[in-house]
Amino acid sequence: MRDVKKRKTFFNYNELALISAPIETQEELSFEWTEYYTENISIFIADEKSSDDYLPSYDEINNEFEVQYKFLDNMRLAYKLFNDNRLNIFIFPKHISEVMIGTSGGGFYNGEKNSILFCSSGTIKLPRNNEISLIGYHETVHFLQFENLGISYSRLLVEGLANYFDGAYGIEYVEEKINKKQHYKWIEEQKKSNNILCINDLVQDSLLSYKIDESIFYPQSAAFISWLLAKYGFDKYKELYRLEYELISGKIYDVIGDRKETIENDYKDYILNIYQ
């Protein structure tokens, strides 16, 4: 186990919030957090809680350090994605997360604050390796993208990689336990409703303006990244990621390096018959 230390840290509303609020609300929601920290990861647990808020145990917090370090090590070794800056993870109480970060479940990576802001309601089993985690890998991937590759507004490339590594979207109940719902299960349902999108559809969405529903986009963007990495490798992903968003939809086939029809047919075969 790592040497996890503990201290109190005060944050005012504007240091963390993603949503503006009246002054009285800002004053009310400025309070102390308990910071658990190691050499380059901090996990903050809010001291301001209601009786209905989930409070991670010390063992769950320690486990989260191990989960995140293991993932960061794998990303460094396999993909040369490094974490030179401190990763800050804030676990928000549910009763104030909607006011401060705009959600009552899940979270965001905020590049300006170099922080993951997350509302957790308990630990969830991750489908890729059956590890138990408070937040999963999705937002940690965004942290690594921002650190190593810079900013992209392509929803397909930014969210696709995070979805690929997280392995699931939403939750399902299995034997009365909460599991993340794996992408292939969503895609199996979408096959039956004839709702499988082509690459040209997926690549049109920008993070600034998008039309495709998350329940369709997240699983299918993960399938696209799975296909891209398996067939062309991570260097090809990085080449696409670094294109300006306005160029991606017109150049994605040129950068991948084949005819549009050939690429679309190959991907269609993959998502319909191979991806799982």
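Student: Where is Ile212 found?

Tutor: Ile212 sits in the loop between helix 8 (199-202) and helix 9. Bear in mind that this is a predicted model.

Student: What makes Ile212 count as buried?

Tutor: Buried means under 20% relative accessible area. Ile212 has 15% relative accessibility, so Ile212 counts as buried.

Student: Which residues is Ile212 in contact with, leaving aside its neighbours within four places in sequence?

Tutor: Those residues are Arg155, Leu197, Asp201, Leu202, Asp205 and Phe217. As for Asp201, its C-alpha atom is separated by 8.9 Å from that of Ile212, and the two residues are 11 residues apart along the chain. Contact is judged by heavy atoms within 4.5 Å, so a C-alpha separation of 8.9 Å is a separate value from the one that decides contact.

Student: Why is helix 10 (residues 234-241) called largely enclosed by the rest of the structure?

Tutor: Of its 8 residues, 6 are buried, and therefore helix 10 is described as largely enclosed. The buried ones are Phe234, Lys236, Tyr237, Lys238, Leu240 and Tyr241. They pack against several helices, among them helix 3 (58-79), helix 9 (214-232) and helix 11 (245-256). Helix 5 (138-149) and helix 6 (155-166) are also packing partners.

Student: On to charges. What makes Lys8 and Asp47 a salt bridge?

Tutor: A side-chain nitrogen of Lys or Arg has to be within 4 Å of a carboxyl oxygen of Asp or Glu. For Lys8 and Asp47 the N to O distance is 2.9 Å, and their side chains meet in a salt bridge. Lys8 lies in strand 1 (residues 5-11) and Asp47 in the loop between strand 3 (41-46) and helix 3, so the pair ties together parts that are 39 residues apart in sequence.

Student: How do you know that Lys8 and Asp47 are partly exposed?

Tutor: Partly exposed lies between the 20% and 50% limits. Lys8 has 48% relative accessibility, so Lys8 counts as partly exposed. Asp47, with a relative accessible area of 35%, is partly exposed too.

Student: What about Lys185 and Glu172: how do you know that they meet in a salt bridge?

Tutor: Here the N to O distance is 2.7 Å, and the limit is 4 Å. Lys185 is in helix 7 (residues 183-192) and Glu172 in strand 9 (residues 168-174), 13 residues apart, and the pair links distant parts of the chain. Lys185 is partly exposed at 25%, whereas Glu172 counts as buried at 17%.

Student: Why is Arg259 called exposed?

Tutor: Exposed means over 50%, and Arg259 has a relative accessible area of 52%, so Arg259 is exposed. Arg259 also forms a salt bridge with Glu261, with the closest N and O atoms 3.2 Å apart.

Student: How many salt bridges does the count come to?

Tutor: The count comes to 15 salt bridges. There is also a network of salt bridges linking Arg2, Glu39 and Glu66.

Student: Which residues form the negative surface patch?

Tutor: Glu24, Glu27, Glu28 and Glu48 form that patch. Glu27, found in helix 2 (residues 23-28), has 57% relative accessibility and so counts as exposed.

Student: What makes Phe146 accessible enough for a surface patch?

Tutor: Patch residues need over 30% relative accessible area. Phe146, in helix 5, has 35% and so counts as partly exposed. With Ile151, Tyr153 and Leu208, Phe146 forms a nonpolar patch with about 440 Å² of accessible area together.

Note on methods. Residues are numbered from 1 along each chain as its sequence is written. This is a predicted model: local features need pLDDT of at least 70, side-chain atom pairs count only at pLDDT 80 or more; totals for chains, interfaces and linings use all residues. Side-chain values use heavy atoms; hydrogens and water are left out. Patches are made of residues with over 30% relative accessible area and no salt bridge: like charges are joined within 9 Å, nonpolar side chains (Val, Leu, Ile, Met, Phe, Trp, Tyr) within 5 Å. Accessible areas come from the Shrake-Rupley method with a 1.4 Å probe; for residues, only the protein chains shown count as cover. Lys and Arg count as positive and Asp and Glu as negative; His and the chain ends are not counted. The place of a charge is taken as NZ of Lys, CZ of Arg, CG of Asp or CD of Glu. Helices (H or I, at least four residues) and strands (E, at least two) are DSSP runs, numbered from the N terminus. Buried means under 20% relative accessible area, exposed over 50%, partly exposed in between (1.4 Å probe, protein chains only).
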